[in-house]
2 protein chains.
Amino acid sequence: MPDATPAQDSLELIARGADEILKREELEARLALGRPLRIKAGFDPTAPDLHVGHTVLLNKMRQFQDLGHQVIFLIGDFTGMIGDPSGKNATRKALTREDVAANARTYADQVFKVLDRERTELRFNSEWFGKMDAADMIRLAARHTVARMLERDDFAKRYTAQQPIAIHEFLYPLVQGYDSVALEADVELGGTDQKFNLLMGRGLQEHYGQKPQVVLTMPLLEGLDGVQKMSKSLDNYIGIDEPAIDIVNKTMKIGDALMWKWIELLSFEIGAEEARRLRTGVEAGLNPRDVKLRLARELAARFHDAAAADTAIAGWHAAVRGEGDTSLLPLQDVAVPAEGLRIAALLTAAGLTPSNSEASRKLRERAVKVDGAVVEDPGRAFGPGFEGVLAVGKRNFARVRLITAP
Amino acid sequence: MPDATPAQDSLELIARGADEILKREELEARLALGRPLRIKAGFDPTAPDLHVGHTVLLNKMRQFQDLGHQVIFLIGDFTGMIGDPSGKNATRKALTREDVAANARTYADQVFKVLDRERTELRFNSEWFGKMDAADMIRLAARHTVARMLERDDFAKRYTAQQPIAIHEFLYPLVQGYDSVALEADVELGGTDQKFNLLMGRGLQEHYGQKPQVVLTMPLLEGLDGVQKMSKSLDNYIGIDEPAIDIVNKTMKIGDALMWKWIELLSFEIGAEEARRLRTGVEAGLNPRDVKLRLARELAARFHDAAAADTAIAGWHAAVRGEGDTSLLPLQDVAVPAEGLRIAALLTAAGLTPSNSEASRKLRERAVKVDGAVVEDPGRAFGPGFEGVLAVGKRNFARVRLITAP
């Protein structure tokens, strides 16, 4: 087989983890142009508090940057500043220009943990929509039909269920689509749930005499539970501003099946080829924990730095295996009576077991460690002044300091 | 029975010929306020060449004026200057500001034949929409739902028939509705086909804290054929700029049943009460032609003046009954061979009969008159230089001058 051309290499990297590429041959043709492509991704101006799930898209943007392309981080502030004009959604209040600027700064603080600042163009769509008048909006609305808009999945469902759809909701996909015209995007990235809106850009670009953008959708990342998509409200997330030790601890708790998906969508260090090799290795007996440790370290390093990641990994080892420097683990104060608590009650007080009976069961299973040593005696008690690492199994641990309950 | 109050009198006049009043009790309450009401009617900026059918609405506006109310003649130039942004309707090209001004002048030349200039406010909706930006249009679009818009009859039909509806078409009724807000209309008048759009104003006014306008719809006027609505394209119309004699001739040709409808919708001089009396009279033997002559004279006088109307009526009498001054009729040149034409061929050449055989039949029926005298001899010929009035029956006549065919 001949060596892959650079364009083919690029295509393989870009396609990694992608849900859909529309159309793949168009992407190939653009990559072959040899010029930096303009890669657009749009972000909501209201929610700049990112978790790892959001970084799936940022990672794909970063891969494009690493291949020499120009990424456009677009903040949809125009509609954000309108808010919910139907007044039905009280939580979607209109943002001020100051809100938008503040949110953009918060975004910048976070996204440049992933993106290359040099190859990122930060834009706001109020730049062009702020200059448009009512007549321009009517002209834009003429570019699409009611029937095709009602084909969008959520509109179709609501229309069928006789739930109201305000007419301005039909304008928002057109606004997003027109952004691609204004930006002359070559490629637009988004979640699978954004596919309809991404395709809107293609039609509008054609109308405005541009070559239609390639649309690339990324799947939604499953959260820590491995079932639901990662979200704050489900509390199955890793925030990208969390301490390194928490990133490591949470990552080390995900299931093995989910680990491979996370590697595909989150890891730069473990490439597609290496992931396949590791998978074969695990099937042959390699401990999946060692693979997970690499992923955890990579994520902690991305959102902090290499030193912090190493410390966090060391802390995790210390707690679970009773080795290394436990002082790297965050210290948690637990209030206990002056006379102390028996081990089962202490584990529960520290949040490591849901109940004393569960704690007792873990004791009988020899799953409880204090400073790396198994504790079996249910009568063993700890009083104020004690400081050490408690662990229940390999995944639950805490470094505690006992203080007197007030 | 007690005497009618002035408000009740007004209500009766306003309701005359109206298709629907929504809501009648609201109209009554407004009339009882004793202040001049603001009566809105919207007009298309593209078609200022009016026929009598258009005057049904103008007449109703005039009645409001005669009752002391303020009429707003609104020209929808904002959307007119956008044209058809979907580009599908090549005939609806975007108007310039100059086009709009020229059309408004043409309108003014015509509508003040009916309306009282003193009580007419000429407005253009670009006045307020020209100041609106894209965000304002989005906010306006939020005021209505897709489902309710699809209830509009023509949208429903097109949606069901899978004919495309461009999204901007959903914005136009909102634009029209918002005009009522901007104008603080008390009443909006329109054709029955405009009912949906007129109701839009009610909802928007309520949203903007105004009392919702009363909506009054007028039926569409049937044209000369008595079947189809009056329109240029069906050639069943009387243009309001036509010569008085043509207005009279065309009016005299309508059927008796149609005459009563025209009286209701077009006559000020024949009030509701008198129309009822005349109807009874005709049933008792009064010649309906005499009623029609009154209507024809009124219309000719409205669009010209009393003297021109009297002349036209005289001309009609002369042609049909062979009396009076035929020189009041327009003269039509008919080209004939140097040796002349026999009467049947001449009637056909003058457009009074569709064929020579039909003309011969009319001769046999003694329905053909030349200068008021019956002609029976099919051999009678007329050559270049002849000038006179030809009539076939009571409704078809022409004053002709025969010239030599080249």
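Biologist: How much space lies in the largest cavity?

Modeller: About 60 Å³ of space lies there. This is a predicted model, in which local features need pLDDT of at least 70, side-chain atom pairs count only at pLDDT 80 or more, and totals for chains, interfaces and linings use all residues. Residues are numbered from 1 along each chain as its sequence is written, chains are lettered from A and ligands numbered from 1 in the order in which they are written, and side-chain values use heavy atoms, with hydrogens and water left out.

Biologist: What makes a space a cavity?

Modeller: On a 1 Å grid over the protein atoms alone, a cavity is a set of points where a 1.4 Å probe fits but cannot get out. Grid points are joined across faces, edges and corners, and the volume is the space filled by probe spheres set on the points. The structure holds four cavities of 30 Å³ or more.

Biologist: Which residues line the largest cavity?

Modeller: Lining residues have an atom within 4 Å of a point. Here they are B:Arg16, B:Val56, B:Asn59, B:Lys60, B:Gln63, B:Met218, B:Glu264, B:Leu265, B:Leu266, B:Ser267 and B:Phe268. Helix H3 (55-66) and helix H13 (256-266) of chain B each supply at least two of them. H3(B) gives the largest share, four residues.

Biologist: What makes a stretch a helix or a strand?

Modeller: Both are DSSP runs, numbered from the N terminus: H or I over at least four residues for a helix, E over at least two for a strand.

Biologist: How does the lining of the largest cavity divide by class?

Modeller: Five residues are nonpolar, three polar and three charged. Nonpolar takes in Ala, Val, Leu, Ile, Met, Phe, Trp, Tyr, Cys and Pro; charged means Asp, Glu, Lys and Arg; the others, Gly among them, are polar.

Biologist: Which residues line the second largest cavity?

Modeller: A:Arg16, A:Val56, A:Asn59, A:Lys60, A:Gln63, A:Met218, A:Glu264, A:Leu265, A:Leu266 and A:Ser267 do. Two or more come from each of helix H3 (55-66) and helix H13 (256-266) of chain A. The largest share, four residues, belongs to H3(A). About 50 Å³ of space lies in this second largest cavity.

Biologist: Now the helices. At what angle do H7(A) and H7(B) cross?

Modeller: These helices, residues 134-141 of chain A and of chain B, cross at roughly 60 degrees, and their axes come within 6 Å. Axes are lines fitted to C-alpha atoms, for helices over the stretch in contact, and angles run from 0 to 180 degrees between N-to-C directions.

Biologist: Why is H7(A) called oblique to H7(B)?

Modeller: Under 35 degrees counts as roughly parallel, over 145 as roughly antiparallel, 65 to 115 as roughly perpendicular and the rest as oblique. The angle is roughly 60 degrees, so H7(A) is oblique to H7(B). The crossing is right-handed: the near helix is turned clockwise from the far one by less than a right angle, whereas anticlockwise would be left-handed.

Biologist: Which residues make the contact of H7(A) with H7(B)?

Modeller: A:Ala134, A:Met137 and A:Ile138 meet B:Ala134, B:Met137 and B:Ile138. Contact means heavy atoms within 4.5 Å. Six of these residues are nonpolar, with no polar and no charged ones.

Biologist: Why are H14(A) and H15(A) called roughly antiparallel?

Modeller: Helix H14 (residues 272-283) and helix H15 (residues 288-303) of chain A pack at about 150 degrees, with axes 9 Å apart. That angle meets the antiparallel cut-off, so the helices are roughly antiparallel. A:Glu274, A:Leu278 and A:Val282 meet A:Pro288, A:Val291 and A:Arg294.

Biologist: What angle do H13(A) and H15(A) make?

Modeller: About 40 degrees, with axes 11 Å apart. That makes H13(A) oblique to H15(A). Their crossing is left-handed.

Biologist: Which peptide bond of chain A is cis?

Modeller: The bond from A:Leu22 to A:Lys23 is cis, with omega near -5 degrees. A:Lys23 is in the loop between strand S1 (20-22) and helix H2 (24-31) of chain A. In chain B, the bond from B:Leu22 to B:Lys23 is cis, with omega near -5 degrees.

Biologist: What is the phi of A:Glu184?

Modeller: A positive value of about 50 degrees, although A:Glu184 is not a glycine. Most residues other than glycine have a negative phi, and most peptide bonds are trans. A:Glu184 is in the loop between helix H10 (171-183) and strand S5 (187-191) of chain A.

Terms used
1 Å grid on protein atoms, 1.4 Å probe; cavity = no way out; pocket = protein on both sides within 12 Å on 5 of 7 lines; lining within 4 Å.
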